[in-house]
Amino acid sequence: MHPPKTVPSPPDTAGPSTATSQMAQGSAVLDRIAARVQIRLAAERTASNSSADGSHAASLIWPLPL
Amino acid sequence: MTPHHTPFRTFILKVANRCNIDCDYCYVFNSKDQAWRNLPARMSVDVARAAARRIAEHVSTYGLRTVHVVLHGGEPLLAGPRHLADLLCILRDGIPPDTEIRFELQTNGTLLSEAWLDLFEQYAVTVGVSLDGPPAANDRHRLSHSSRSSAASAVRGVELLRSRPHLFAGLLAVVDLANDPVEVHDYLASFEPPVIDFGLPHGTHDTPPHRNDHSAPEYGLWMSRVYDTWLARPQYRHSVRMLEDIAALSSGVRGAVETLGLAPPASVVIESDGTIEGVDTLRSVETGASWLGLDVFDESFDAAIHHPKLLHRQHGRAALADQCQSCPLVEVCGGGYLPHRFSAARGYRNPSVYCADLEYLIRHVQTSLQQHGWNPGTPAPSP
């Protein structure tokens, strides 16, 4: 699945239920994830070497500055 | 340049091959392969010079603009600040100045001091700390050689690191089903790391990981609760690497941590004596599994890229078990982490011992993404 170009707005929170509130909280985190995923996709598409690579599991290398 | 082979971009230097604590799950010291007993306690300047020369050669061959150099162990701080400063200087001076070097160090945190952080400032070394959760959780496995808790000294190190947040790479935890995932997540998040990651305990089909209920995807359930907790805590800004990688791979990104996805791992290990290994965690599989018979004095890293033991890493889906090749989730799980696929009978052509867990977790994350309006799409094809 592809992240949306514009991340969807959180649902209407007027008269919030617990589920709605949780959905909004989740959206805030997912908005940040979507932004980083889009940066990673763009970086992979523009990389001079088009092959992606997998980083070492036993150390904390991150593919882009946070 | 060989176009069909992925160059190494991450060079993991085992600068110390001893540890001041004794984690019972450690793949270096407490697994089947006891190679560490015959390796130098720390990497010499001669080995570092040879490694730097080989990295420079590799950078030139493949036109790399950025490389990661990870100072790893054992416990890398046991190398001592003066010696590690010498190694960092050799590496920085030995790699062409037009190549960006990103230094990273993975530590248990217990020996961190202001003096260490001053050195890391000088070379822009970011620091990841291994910590499994609150003290009771951490103490299940991460004890000293005299069976004492290492939690207080590790936390002191993390707190020190927080005083220089630009050096803080994050926290790395190993999952234990006996720990509460919400408690572990919230405890680690309270240190405000930029990244948290969780590793699954090493296991193979011959020595499978501990489970309480063999009919349930307990590790998948555990990590799903971490995911739900992460989403429910927007006040924290951290990423959870494994979970974010599942979202990324589900969205067409190809590169991820080597435990997931089909992209070829691009890291190589240089042992303290200069020998070259591909996947150091294979020490958990069997004696000699990670041994290539190469070293930085006599061979280039190209010899490792083309080594028969590592060629399968370039084959993506084709190297997997039949049932993995036809699985709809294979682009995301990548068949699971290499050590976790092993059996003496079939080598690495098995599904992961965590197959059911990964399936549960990936579906959990993907369902959540869909509920939040991410558009379903087709993942990118494997390399």
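Which strands of chain B does helix 5 (residues 151–162) lie across? In this predicted model, helix 5 of chain B lies across strand 4 (125–130) and strand 5 (168–174). The helix runs at about 150° to strand 4 of chain B.

Strands 4 and 5 belong to an open sheet of ten strands in chain B. The strand order is 7-6-5-4-3-2-1-8-9-10, and the pairing is mixed. Strand 7 (239–240) and strand 10 (291–295) of chain B form the edges, each pairing on one side only. Within the sheet, strand 2 (residues 66–72) and strand 3 (residues 100–107) of chain B pair in the parallel sense. Six bridges join the two strands. B:Thr66 stands opposite B:Glu100 of strand 3.

Two further helices of chain B pack together. The axes of helix 1 (residues 45–62) and helix 2 (residues 81–94) are 8 Å apart, at an angle of about 25°. Angles under 35 degrees count as roughly parallel, so helix 1 and helix 2 of chain B are roughly parallel to each other. Their crossing is right-handed. Helix 1 contributes B:Val45, B:Ala48, B:Arg49, B:Ala52, B:Arg53 and B:Ala56 to the contact. Helix 2 contributes B:Asp86, B:Leu87, B:Ile90, B:Leu91 and B:Gly94. Of these residues, seven are nonpolar, one is polar and three are charged.

B:Asp273 lies in the loop between strand 8 (267–270) and strand 9 (275–277) of chain B. B:Asp273 counts as partly exposed because 17 C-beta neighbours lie inside 10 Å. Beyond its neighbours within four places in sequence, B:Asp273 is in contact with B:Leu39, B:Pro40 and B:Val47. B:Tyr227 is 46 residues from B:Asp273 along the chain, and their C-alpha atoms are separated by 40 Å.

Notes:
Residues numbered from 1 in each chain as written. Chains lettered and ligands numbered in written order. Predicted model: local features only at pLDDT ≥ 70, side-chain atom pairs only at ≥ 80, totals over all residues. Helix = DSSP H or I, 4+ residues; strand = E, 2+ residues; numbered from the N terminus. Buried ≥ 20, exposed ≤ 12 C-beta atoms within 10 Å, placed from the backbone. Contact = placed C-beta atoms within 7 Å. Axes fitted to C-alpha atoms, helices over the stretch in contact; angles between N-to-C directions. Parallel < 35°, antiparallel > 145°, perpendicular 65-115°, else oblique. Left-handed = near helix turned anticlockwise from the far one by under 90°. Nonpolar A, V, L, I, M, F, W, Y, C, P; charged D, E, K, R; others polar. Pairing = 2+ DSSP bridges.
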